[in-house]
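Here are a few notes to help you find your way around. Please keep the viewer open as you read.

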Protein chains: 2
Amino acid sequence: MRGPLGAADTAGGSSADPPLGSDFPLTRLQLLTQQWRSEAPAERNTEVKSIPTVAMRSSVPLYLCLLLCACLGVACVAGVCVWNSQWHGGFAWDDSGLKFNWHPVLMVSGLVVVYGFGAVLYRVPLTWGGDKLPWKLAHAGAMLLALVLAVVGLCAVFQNHATNHIPPLYSLHSWVGICSVFLFATQWAVGVGAFLLPCSPVALRVLLKPLHVWLGASILTLSIAACVSGINEKLIFALKGTVNGTLPYSALPPEAVFANSLGALIVVFGLVVLRILSNRSWERPEPGGQDTAYRPLLQEENE
Amino acid sequence: MRGPLGAADTAGGSSADPPLGSDFPLTRLQLLTQQWRSEAPAERNTEVKSIPTVAMRSSVPLYLCLLLCACLGVACVAGVCVWNSQWHGGFAWDDSGLKFNWHPVLMVSGLVVVYGFGAVLYRVPLTWGGDKLPWKLAHAGAMLLALVLAVVGLCAVFQNHATNHIPPLYSLHSWVGICSVFLFATQWAVGVGAFLLPCSPVALRVLLKPLHVWLGASILTLSIAACVSGINEKLIFALKGTVNGTLPYSALPPEAVFANSLGALIVVFGLVVLRILSNRSWERPEPGGQDTAYRPLLQEENE
């Protein structure tokens, strides 16, 4: 298969695939592992210094989509910063209410924008030549940065709730958000263990890759839902129409229009990321393979 | 490619693909159309009465996932009905506040559950044998039912807002929700025109299929975000802790736990649907092709 994140599923097929007489995962896994072991080591470990298909596959639509993705990501971070500095007093890490303002900024920056950039990293043609390992490290590094931003963003809201004696984790927004971060942390730890540690067995990678791919897209979907519900919740609480002369949310004052537009921008960013990831012809060409033919995970270098 | 909805993207590759010297869409389209025209008509129009690979590909995990999907879908509909009858007085189509209660029920049933069932229809092994056309009609019919439910659900909330002099479409929830329905209606109309009308040109189908697939997954993502923010919003408004003795939302009274769980259930349903759709080995086998090899759209029957 090709999952939403675009990587190869071991259940997918090509002429190089094992017999498909059984879909039972363990049987398929044994077949794939046998096939990999039977390959000549030289063939398996071939280091490809140049990918001749790079120029062929780096198309104008891909560059336009990546540019759109970058612009939308920067706009999302700028938008959430402007919203919280313009209408909510800016930022501070003390017991004033300003600590809360870090929460939306860090969650949007980490769980959506840096996460999205990390996810599309392999789609940047610059990363297609040479060894894959440095780009795998960069992918893991970007995701770690995203995770750290998200965790600090969670600290901001937990501490703010504690200061103001508000119970934590009661709203559906918080349930979805905390699940996103928990799944993201699990995904990152398992991903590093399985795909970066040299000692991890090939069989484990074969089993985990489709789950890694699907969970990656699922976490982005959860993050979008958490952002939409969080912005909505914040505007309901902030724009009551009775406090310091603000218009109510239902009258769509400038802050409401701005933050709603920010929410729409976040949604569009997420969908563009998923579009880039789902386009198979924009995937990193694997060494020695046909340009667009499916290559099982076990034939990849450094996988 | 294989998009999130799992159907074939024309840019994906197999040995039957046209030369990949250019990724420019129009060039690719011309190449694909030329290839299709050069095929023998008999080969192109072959009607396959039996699919020998059906038994091979209908695995236990697929059945378990479809069963899980069905159970989660029924639980979502039951849950949203119980929530609105148990805690909000049930249903009526008059000027009482009870008309609003149709809104969550119809949106969850239409835009999430029936939509999800319609999307995974081609993954049910029962639909794999024989002509594809009846199942395409069933897919379009299920999506029409989903669309009608969603539109009636929108009428309920618009009329409720008008009765209570509440401006429509001010919250981010409503922006995301109305965009979902608008995109869904567009997707349905364009889908019927392009993929069901016999007069629609092949070139149009080739262009639209990857967009149809990506937009299908995007609409489900938007629907999930709309449901999460809608349930969150409703609980904030309903559980203020000052009206008729209810506990506030922050104290997590039984209604909050129930509706939050309903939201979590909707999210899980959506992710299971996306998982089923993204698994290439669970796709409907196309006639005459290798079991899992990529087959260009133009070689499909009734496509």
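How much space lies in the second largest pocket? Please keep in mind throughout that this is a predicted model.

1. **The pocket and its centre.** The second largest pocket holds about 870 Å³ of space. It is lined by 37 residues, and those closest to its centre are Phe100(A), His103(A), Val157(A), His161(A) and Glu233(A).

2. **Who builds the lining.** Five helices of chain A each supply at least two residues of this pocket's lining: α4 (60-86), α5 (102-119), α6 (133-163), α7 (172-195) and α8 (202-238). The helix that gives the most is α8(A), with nine residues. By character, the lining divides into 22 nonpolar residues, 13 polar ones and two charged ones.

3. **A tilted ring pair in chain A.** Over all chains, a search of the whole structure finds ten aromatic pairs. In one of them, Phe91(A) and Trp102(A) have ring centres 4.8 Å apart and planes at 40 degrees, so the pair counts as tilted; that class covers angles that are neither under 30 degrees nor over 60. Phe91(A) sits in the loop between α4 and α5 of chain A, while Trp102(A) belongs to helix α5 of chain A, eleven residues apart. Phe91(A) is partly exposed, because its relative accessibility is 31%, and Trp102(A) is partly exposed too, with a relative accessible area of 28%.

4. **A ring pair between the chains.** Tyr249(A) and Tyr170(B) form an edge-to-face pair, 5.1 Å centre to centre and with 75 degrees between the planes. This pair crosses between chains: Tyr249(A) lies in the loop between α8 and α9 (254-278) of chain A, and Tyr170(B) in the loop between α6 (133-163) and α7 (172-195) of chain B. Are these two tyrosines buried or exposed? Tyr249(A) is buried, at 3% relative accessible area, and Tyr170(B) counts as buried as well, at 11%; the cut-off for buried is under 20%.

5. **Lysines over rings.** In chain A, Lys132(A) lies over the face of Tyr122(A), 5.3 Å from the ring centre. In chain B, Lys132(B) lies over the face of Tyr122(B), also at 5.3 Å from the ring centre.

6. **Helix α9 of chain B.** Do have a look at this helix, residues 254-278 of chain B. With 25 residues at 1.5 Å a residue, helix α9 of chain B should span 36 Å, and its end C-alpha atoms are indeed 36 Å apart, so the two values agree. Of these 25 residues, 18 are buried, which means that α9(B) is largely enclosed by the rest of the structure.

Key:
Residues are numbered from 1 along each chain as its sequence is written. Chains are lettered from A and ligands numbered from 1 in the order in which they are written. This is a predicted model: local features need pLDDT of at least 70, side-chain atom pairs count only at pLDDT 80 or more; totals for chains, interfaces and linings use all residues. Side-chain values use heavy atoms; hydrogens and water are left out. Helices (H or I, at least four residues) and strands (E, at least two) are DSSP runs, numbered from the N terminus. The expected span of a helix is 1.5 Å times one less than its number of residues. Buried means under 20% relative accessible area, exposed over 50%, partly exposed in between (1.4 Å probe, protein chains only). On a 1 Å grid over the protein atoms alone, a cavity is a set of points where a 1.4 Å probe fits but cannot get out, and a pocket is an open set with protein on both sides within 12 Å along at least five of seven lines; lining residues have an atom within 4 Å of a point. Grid points are joined across faces, edges and corners, and a volume is the space filled by probe spheres set on the points. Ala, Val, Leu, Ile, Met, Phe, Trp, Tyr, Cys and Pro count as nonpolar, Asp, Glu, Lys and Arg as charged, and the others, Gly among them, as polar. Rings of Phe, Tyr and Trp (its six-membered ring) pair if their centres lie within 6.5 Å; planes under 30 degrees apart count as stacked, over 60 as edge-to-face and the rest as tilted. A charge sits over a ring if NZ of Lys or CZ of Arg is within 6 Å of the ring centre and within 35 degrees of the ring normal.
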